[in-house]
Amino acid sequence: MKTIMHPGLLIATVICLISSCTKAQNSSSGTENNLTGKNILIVYLSRTNNTKAIAELIQKEVGGKMVSLELQQPYPENYQAIVDQVAKENADGFLPPLKTKIDSIENFDVIFLGFPTWGMQLPPPMKSFLRQYDLKGKTLVPFNTNAGFGIGSTFQTVKELAPSSNILEGFSMQGGKERDGVYLVIQGEKEKQAKAEIIKWLKTINIKN
Ligand SMILES: Cc1cc2nc3c(=O)[nH]c(=O)nc-3n(C[C@H](O)[C@H](O)[C@H](O)COP(=O)(O)O)c2cc1C
């Protein structure tokens with residue numbers, strides 16, 4: 001005896017197959033940021049080494065090459081002097097020339113960008129970096145330390161200065177408070193806490209399984 005599928009049942013089966021196929025596609029796209037086979041660069045700016053400590057923790061998890069951003073004319077040692085200079089540079093849109101040169105940036109697929117919050121903005125040297133290098137099509141991963149006042153406009157400025165990059169959700173945590181004489185704090189217990197938070201974040205953005 002011939003069994004003929006009811007047309008309604010046939011349509012339902014087709015819809016069901018299409019929807020499970022879409023679901024499968026969605027779940028596989030969840031791993032699209034995974035680092036397998038990708039070249040990683042970690043570029044950071046750090047004055048009192050808190051952001052550097054985060055950069056090192058990230059490198060332990062994902063590997064890659066670390067580069068510290070240095071200026072041709074270093075900033076003053078004195079805290080108030082650097083605060084004043086940065087405020088002026090931000091107001092004038094001045095981009096301090098970098099001493100750091102990155103060879104063959106085109107070879108890197110994923111670039112972690114680390115910086116402190118300065119005057120609630122992205123520090124001028126990081127603005128110089130984003131202006132100087134062509135980061136089109138690359139995946140950028142921002143990370144930040146600050147004195148407790150947050151990221152300010154830093155992550156937004158990264159987006160504005162790298163409009164053709166794929167920018168992932170950033171990481172931020174409280175670092176030092178140079179104004180009050182508090183310098184490197186990401187060490188000991190605080191470093192362990194930072195490591196746990198970094199691993200959680202890297203999983204959220206599918207950089208780590
Ligand atoms: C010039 C300057 C400006 C700063 N402005 C801010 C700010 O606006 N908000 C904030 O939370 N912290 C501010 N800080 C504090 C740093 O963001 C904080 O200490 C950070 O952890 C320093 O990172 P580093 O140790 O990698 O240099 C400022 C520090 C400096 C030197």
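Student: In this predicted model, how much space lies in the largest pocket?

Tutor: The model in front of you is a predicted one, and a pocket here is an open set of grid points with protein on both sides. For the largest pocket, the space comes to about 590 Å³.

Student: Which residues line the largest pocket nearest its centre?

Tutor: A residue belongs to the lining if it has an atom within 4 Å of a grid point, and 27 residues line the largest pocket. Those that lie nearest its centre are Y79, T117, W118, G119 and A147.

Student: Which element gives the largest share of the lining of the largest pocket?

Tutor: The elements that give two or more residues to this lining are α2, α3 and β4. The largest share, amounting to six residues, comes from α3.

Student: How do the residues lining the largest pocket divide by class?

Tutor: Glycine counts as polar in this scheme. With that convention, the lining of the largest pocket has eleven nonpolar, twelve polar and four charged residues.

Student: Where does the ligand sit?

Tutor: A molecule is assigned to a pocket if more than half of its atoms lie within 2 Å of the grid points of that pocket. By this criterion, the ligand sits in the largest pocket.

Student: Which residues around the ligand are the closest?

Tutor: The ligand is surrounded by 22 residues, and this shell has seven nonpolar, twelve polar and three charged members. Helix α2 (50–62), helix α3 (79–92) and strand β4 (139–146) each supply at least two residues of the shell. The closest residues are S46, R47, T48, T51 and M120.

Student: What is the distance from an oxygen atom of the ligand to a polar backbone atom of R47?

Tutor: Polar contacts are pairs of N or O atoms within 3.5 Å, and the ligand has such pairs with backbone atoms of the protein: a nitrogen atom of the ligand lies 2.9 Å from a backbone N or O atom of G119, while an oxygen atom of the ligand lies 3.2 Å from one of F149. For R47, the distance between its polar backbone atom and a ligand oxygen is 2.7 Å.

Student: What percentage of the accessible area of the ligand does the protein cover?

Tutor: On its own, the ligand has 640 Å² of accessible area. The part of this area that the protein covers is 94%.

Student: What volume does the second largest pocket have?

Tutor: The second largest pocket is lined by 20 residues, with S46, R47, E70, P74 and Y75 nearest its centre. Its lining divides into ten nonpolar, four polar and six charged residues. The volume of the second largest pocket is about 400 Å³.

Definitions and conventions
Residues numbered from 1 in each chain as written. Predicted model: local features only at pLDDT ≥ 70, side-chain atom pairs only at ≥ 80, totals over all residues. Heavy atoms only, no water. Near = heavy atom within 4 Å. Polar contact = N/O pair within 3.5 Å; in protein donor to acceptor, adjacent residues only side chain to side chain. Areas by Shrake-Rupley, 256 points an atom, 1.4 Å probe, with all protein chains shown as cover. 1 Å grid on protein atoms, 1.4 Å probe; cavity = no way out; pocket = protein on both sides within 12 Å on 5 of 7 lines; lining within 4 Å. Helix = DSSP H or I, 4+ residues; strand = E, 2+ residues; numbered from the N terminus. Points joined across faces, edges and corners; volume = space filled by probe spheres on them.
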